[in-house]
Amino acid sequence: MDIKKKKKGITASVVIIALCSIILFFTIGILGPISDKNSGNSVGIESIASATLNSAYGSLHHGSTYRYTDYTKVEQAHSGTITNDTSVVVVDSTKPHGSQENPYVIDSITGWNAFSTDMGDTTGGITNYGKDKYFVLTKDLDFNGVNFKPVQRFDGNFYGLGKKFSNINYDANAKYSGLIQEGNGCLFSDLSLKNYTYYNVGSSGAFIGKCSKATLLNCHAIGEIKREVSIGNDLKIGGLIGYCDIPINQTPDDVYVYRCSSDLSIKCYENNMPYDTAFGSILGQVLYNVKATILDCYGNVTAD
């Protein structure tokens with residue numbers, strides 16, 4: 001749902017998201033308060049020894065296992081055909097680092113910053129914005145008092161393993177903002193954001209600012225987005241993803257959101273609202289050839 005406004009301040013009036021030549025499928029299951037909505041299917045590391053550092057990233061111990069929400073099981077789990085929507089990976093350190101069997105491990109803020117740098121520098125060791133690579137988060141990261149460094153673009157796979165980011169505060173002052181500013185084919189699973197605040201945004205979501213294709217599985221966010229000064233950009237804000245768009249002449253893409261939740265507070269103190277303004281509890285605005293599917297999600301948004 002969108003909240004549209006073009007005058008000083010924001011009055012919360014909820015309308016259906018305006019669609020432009022798009023198929024938008026919403027199947028929302030109201031699931032109650034924000035929590036892990038994985039039907040009791042626990043995710044995370046089931047067996048792990050100490051990570052061994054490899055370049056900027058750690059590695060999971062050979063023979064250990066981790067569990068994640070599996071996109072290939074979503075439709076069956078949603079329809080009730082199966083009751084477990086997770087899969088287990090047995091770690092094989094003989095596989096290339098960054099593969100699903102031997103993922104890159106992020107276990108510190110330093111590791112997250114290295115990840116952010118790598119995704120912004122396509123000439124480094126990890127190219128193509130992490131496309132076809134796998135990253136896992138093995139520890140909760142608290143950014144209280146720490147400058148948060150968002151990812152410029154990410155097209156790979158990020159398994160949160162039931163961990164969370166907390167106390168993120170950053171002044172975006174950018175056209176797109178979120179954990180990642182832009183994504184084209186990225187996947188996030190089993191990750192939570194708690195107590196985040198993004199300032200002076202254009203298109204913004206807790207996880208992704210703008211995308212043409214993305215998958216969010218069992219991801220949850222509680223926080224606020226503030227616009228205090230004019231930065232010359234449209235205002236498109238979603239609880240999880242801000243703006244979904246793809247040029248008309250390109251092949252249609254999908255945005256898929258499953259078992260996710262968002263509790264978002266929006267505050268705008270700008271004197272002159274931008275021309276195009278759209279708000280939504282899960283997605284901010286969806287345009288053109290993007291098909292958005294939302295299954296078994298909960299969203300709440302308030303605006304001032």
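Visitor: What makes a residue buried, partly exposed or exposed?

Guide: Buried means under 20% relative accessible area, exposed means over 50%, and partly exposed lies in between, with a 1.4 Å probe and protein chains only. This is a predicted model, in which local features need pLDDT of at least 70 and side-chain atom pairs count only at pLDDT 80 or more, while totals for chains, interfaces and linings use all residues. Residues are numbered from 1 along each chain as its sequence is written, and side-chain values use heavy atoms, with hydrogens and water left out.

Visitor: Why is arginine 153 called partly exposed?

Guide: The relative accessibility of arginine 153 is 26%. Partly exposed covers the values between the two limits, so arginine 153 belongs there.

Visitor: What makes the link between arginine 153 and aspartate 155 a polar contact?

Guide: Their side chains are joined at 2.8 Å. A polar contact is a pair of N or O atoms within 3.5 Å; within protein, one must be able to donate a hydrogen and the other to accept it, and residues adjacent in sequence count only if both atoms are side-chain atoms. The value of 2.8 Å is therefore within the limit.

Visitor: Which residues does arginine 153 touch, not counting those up to four places away in sequence?

Guide: Arginine 153 touches Met119, Tyr129, Glu182 and Asn184, where contact means heavy atoms within 4.5 Å.

Visitor: How do you know whether serine 262 is buried or exposed?

Guide: Serine 262 has a relative accessible area of 0%, so serine 262 is buried. Serine 262 is found in strand 19 (residues 261–268); strands (E, at least two residues) and helices (H or I, at least four) are DSSP runs, numbered from the N terminus. The side chain of serine 262 also reaches the backbone oxygen of serine 281 at 3.2 Å.

Visitor: Why are asparagine 128 and asparagine 200 placed in opposite classes, buried or exposed?

Guide: Asparagine 128 counts as exposed because its relative accessibility is 52%, whereas asparagine 200 is buried because its relative accessible area is 6%. Asparagine 128 lies in the loop between helix 2 (109–120) and strand 8 (134–137), and asparagine 200 lies in strand 13.

Visitor: What makes strand 16 and strand 20 a pair?

Guide: Two strands pair if DSSP finds at least two bridges between them. Strand 16 (residues 235–238) and strand 20 have 4 bridges in the parallel sense, so the condition is met. One of the bridge partnerships joins lysine 236 to alanine 278 in strand 20.
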